Amino acid sequence: MRTETKIAKDLLSIGAVFLRPGEPFTWASGIRSPIYCDNRIILSHPAVRREVEAALAALVKERYPGCGLLAGTSTAGIAHAAYVSEILGLPMCYVRGAAKDHGRGNRIEGRAEPGAKVVVIEDLISTGGSVLEVVDALRQAGCEVLGIASIFTYGLEKGVKRLADAGVQNASLSCYDALLAAAVEEGVIAREDVPRLERFRQNPQDGGWMSL
């Protein structure tokens, strides 16, 4: 079984991904969505967690062989970066959403020396805004960001374009298409739901998918 399919089925099996085309979720942005992904749940399932961390480690080795430092995104990517750094024997750091307003005022916790070749560990890529803030912080610190290793990506056009414009590569373990295929196979959604879900991915801001 391909990695993207196995991870998609794992996420569905532990309830890290919910698909409700008939009862949409509301994202923080206000977007009405048929899907909600919470990869923090992976941490509570050791068997799936081991598979995910091993797959992330293999992804980093394959796609970013020059990596010398892992950087977790705050907060969801921190634990995954820690597990992967242990597997690979690499140092890690994490990047706060904003600099501390006390102490040393750090934005980056741990050592991220100028010239370090860094891979950012992220749990989920949607529009790409938050992970690019992490990339910017690392670049401002003088690091060379080789790319991102993430667990799941929606493949939204806005996110893909943002990453491309910033010159940042993302490699994900699984993706929206693999998830839909796995969800149909596992009976989570009906095959008739797929066109609506695909329409949502094309333009999340357009609620027209709900009327299909």
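In this predicted model, the axes of helix α2 (residues 46–63) and helix α3 (residues 76–88) approach within 9 Å of one another and cross at roughly 65°, the crossing being right-handed. On the side of α2, the contact is formed by Arg-49, Glu-53, Ala-54, Leu-56, Ala-57, Val-60 and Lys-61, which meet His-80, Tyr-83, Val-84, Ile-87 and Leu-88 of α3. By character, the residues of this contact divide into eight nonpolar, one polar and three charged.

Helix α2 itself has 18 residues and reaches 25 Å from its first C-alpha to its last, which is close to the 26 Å expected at 1.5 Å a residue. Its buried residues are Val-48, Arg-49, Val-52, Glu-53, Ala-55, Leu-56, Ala-57, Leu-59 and Val-60, a list that includes the charged residues Arg-49 and Glu-53. These buried residues pack against two helices, α1 (3–13) and α3, and against the strands β5, β8, β9 and β10.

Leu-56, located in helix α2, illustrates this packing at the level of a single residue. Its relative accessible area is 0%, and Leu-56 is therefore counted as buried. Apart from its neighbours within four places in sequence, Leu-56 is in contact with His-80, Val-84, Ile-121, Ala-149, Ser-150, Ile-151 and Leu-173; of these, His-80 and Val-84 also appear among the α3 residues that meet α2. By contrast, the C-alpha atoms of Leu-56 and Gly-97, which are 41 residues apart along the chain, are separated by 23 Å.

The strands form an open sheet of six, in the order β7-β6-β5-β8-β9-β10, with mixed pairing. At its edges lie β7 (108–109) and β10 (170–175), each of which pairs on one side only. In general, the strands of a sheet pair through backbone hydrogen bonds, in either a parallel or an antiparallel sense. Within the present sheet, strand β5 (residues 69–73) runs parallel to strand β6 (residues 92–95), to which four bridges join it, and the bridge partner of Ala-71 in β6 is Cys-93. Strand β5 also pairs with β8 in the parallel sense, over four bridges, with Leu-70 standing opposite Val-119 of β8. The pairing of β8 with β9 is again parallel and extends over eight bridges, and here Leu-124 stands opposite Phe-152 in β9. Strand β8 is mostly covered, since eight of its nine residues are buried.

The loop that leads from β5 to α3 contains Thr-75, and the peptide bond from Ser-74 to Thr-75 is cis, with omega near 5°.

A further helix, α4 (residues 129–140), comprises 12 residues, for which a span of 16 Å should be expected at 1.5 Å a residue; the end C-alpha atoms are 17 Å apart, which agrees with that expectation. The buried residues of α4 are Val-131, Leu-132, Val-134, Val-135, Ala-137 and Leu-138. They pack against strands β5, β6, β7, β8 (117–125) and β9 (144–153), as well as against helix α5 (157–165). Strands β5, β8 and β9 thus recur in the packing of both helices, being listed for the buried residues of α2 and for those of α4.

Beyond the end of α4, the chain enters the loop between α4 and β9, where Ala-141 is placed. With a relative accessible area of 27%, Ala-141 is partly exposed. Not counting residues up to four places away in sequence, Ala-141 touches Ile-108, Ala-112 and Pro-114; the C-alpha atoms of Ala-141 and Pro-114 are 6.1 Å apart in space, although the two residues are 27 residues apart in sequence. Gly-142, just after α4, takes a positive phi of about 90°.

Gly-142 is also a contact of Gly-115, which touches Gly-142 and Cys-143 when residues up to four places away in sequence are not counted. Gly-115 lies in the loop between β7 and β8 and, at 47% relative accessibility, counts as partly exposed. The C-alpha atoms of Gly-115 and Tyr-94, which are 21 residues apart along the chain, are separated by 17 Å.

Definitions and conventions
Residues are numbered from 1 along each chain as its sequence is written. This is a predicted model: local features need pLDDT of at least 70, side-chain atom pairs count only at pLDDT 80 or more; totals for chains, interfaces and linings use all residues. Side-chain values use heavy atoms; hydrogens and water are left out. Axes are lines fitted to C-alpha atoms, for helices over the stretch in contact, and angles run from 0 to 180 degrees between N-to-C directions. A crossing is left-handed if the near helix is turned anticlockwise from the far one by less than a right angle, and right-handed if clockwise. Contact means heavy atoms within 4.5 Å. Two strands pair if DSSP finds at least two bridges between them. The expected span of a helix is 1.5 Å times one less than its number of residues. Buried means under 20% relative accessible area, exposed over 50%, partly exposed in between (1.4 Å probe, protein chains only).
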